[in-house]
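Work through the following exercises on the pockets of this protein, and compare each solution with what you can see in the structure.

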Amino acid sequence: MSKIYDLMIVGPATRDLNIDYTGAEDRSTGGAVTFCTPAATAAGAKVFAAVKIAPEDQDILEDFHMEAADIALLPSKKTTLMKNVYFTPDRERRDASCPAQSDPILPEEIPDAACRLYHLAGLLYGDFPNELIESLHRKGMVSADVQGFLRHNENGKLRFRDWADKEKYLPYMDFLKTDAAEAEILTGLTDRAEAAKRLYGWGAKEIVISHNTEMLAYDGKDLFTCPVKARNLSGRTGRGDTTFGAYLAMRMTGAGMEEALRYATACVSLKMETPGVFKGARADVEAYMRDFYTD
């Protein structure tokens with residue numbers, strides 16, 4: 001019997017150049033797919049990663065530490081290149097630029113693997129054409145990080161624009177992830193709870209909004225929040241992606257919203273204390289929860 005995956009995480013991986021507020025440089029593999037995947041796997045989900053990169057950069061796939069049967073390279077003429085210059089120790093203020101962007105991911109490129117949920121882990125507008133959303137919606141459940149529909153690469157400069165097709169395609173989203181700033185761009189609302197309610201009203205079925213102080217989840221009936229408790233922010237990059245990867249994994253393996261949000265927030269709090277992707281196991285997150293989330 002062929003393996004049935006809980007979720008397929010689809011998106012471009014990147015070559016990143018990160019420069020912190022002291023001027024120190026760090027080169028690493030990045031991208032939403034890169035941060036989502038290990039967090040989802042650690043939570044116990046069966047995960048398939050479909051990674052858009054140039055074939056000559058296939059060494060990037062080694063960073064995922066996955067069995068060959070569970071990962072696929074989707075060929076692109078170029079691998080996305082990202083440059084982040086951080087201005088503050090907490091990495092909340094940054095200038096991001098994109099010297100190169102990968103090709104769009106087309107419906108016919110999606111691997112033929114049995115899968116319950118397809119997560120669009122995008123970086124830039126153009127990563128996912130509308131016909132891909134429609135195709136995946138016919139295959140199974142769909143989730144998305146709205147960043148991939150708001151952030152535009154304009155000659156290397158990154159600009160956030162509202163998603164023109166949001167009211168058509170939000171109803172396709174079983175899960176939707178935004179951060180507080182993106183939620184404001186979409187809805188015009190600074191109150192995160194009210195923004196989540198508006199996104200639900202437009203058709204998204206379950207919304208997660210990340211913020212540096214807390215994570216929020218809403219499904220039209222229940223609204224939960226959970227505080228971020230990281231003791232340092234050296235691993236700030238990939239905060240939202242780690243949160244949502246863990247959250248989706250928990251939801252797809254049977255956890256309720258509140259339990260999933262608590263686990264995901266603990267996971268990202270632990271991850272942010274160390275640069276790079278989440279390298280721990282579920283037991284590490286559960287130990288962290290016992291230490292910091294028992295109230």
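**Exercise 1.** Determine how the residues that line the second largest pocket divide into nonpolar, polar and charged.

*Solution.* In this predicted model, begin with the lining itself, which is made up of 18 residues. Sorting these residues by character gives 3 nonpolar, 8 polar and 7 charged.

**Exercise 2.** Locate the second largest pocket by its central residues and by the elements that line it.

*Solution.* First find the residues that lie nearest the centre of this pocket, which are Asp-26, Ser-28, Pro-275, Gly-276 and Val-277. Next turn to the elements that give two or more residues to its lining, namely strand 2, strand 3 (25–30) and helix 1. Strand 3 provides the largest share, with 4 residues. Finally, note the volume of the second largest pocket, which is about 320 Å³.

**Exercise 3.** Describe the largest pocket in terms of its space, its lining and the elements that contribute to the lining.

*Solution.* Start with the space, which comes to about 840 Å³. Then consider the lining of 37 residues, where Arg-94, Gln-147, Arg-151, Asp-179 and Arg-236 lie nearest the centre of the pocket. By character, the lining residues divide into 15 charged, 11 polar and 11 nonpolar. Among the elements that each supply at least two lining residues are strand 2 (14–19), helix 1 (32–42), strand 12 (175–179) and helix 7 (239–252). As a last step, identify the element that gives the most to this lining, which is helix 5 with 4 residues.

Key: Residues are numbered from 1 along each chain as its sequence is written. This is a predicted model: local features need pLDDT of at least 70, side-chain atom pairs count only at pLDDT 80 or more; totals for chains, interfaces and linings use all residues. Side-chain values use heavy atoms; hydrogens and water are left out. On a 1 Å grid over the protein atoms alone, a cavity is a set of points where a 1.4 Å probe fits but cannot get out, and a pocket is an open set with protein on both sides within 12 Å along at least five of seven lines; lining residues have an atom within 4 Å of a point. Grid points are joined across faces, edges and corners, and a volume is the space filled by probe spheres set on the points. Ala, Val, Leu, Ile, Met, Phe, Trp, Tyr, Cys and Pro count as nonpolar, Asp, Glu, Lys and Arg as charged, and the others, Gly among them, as polar.
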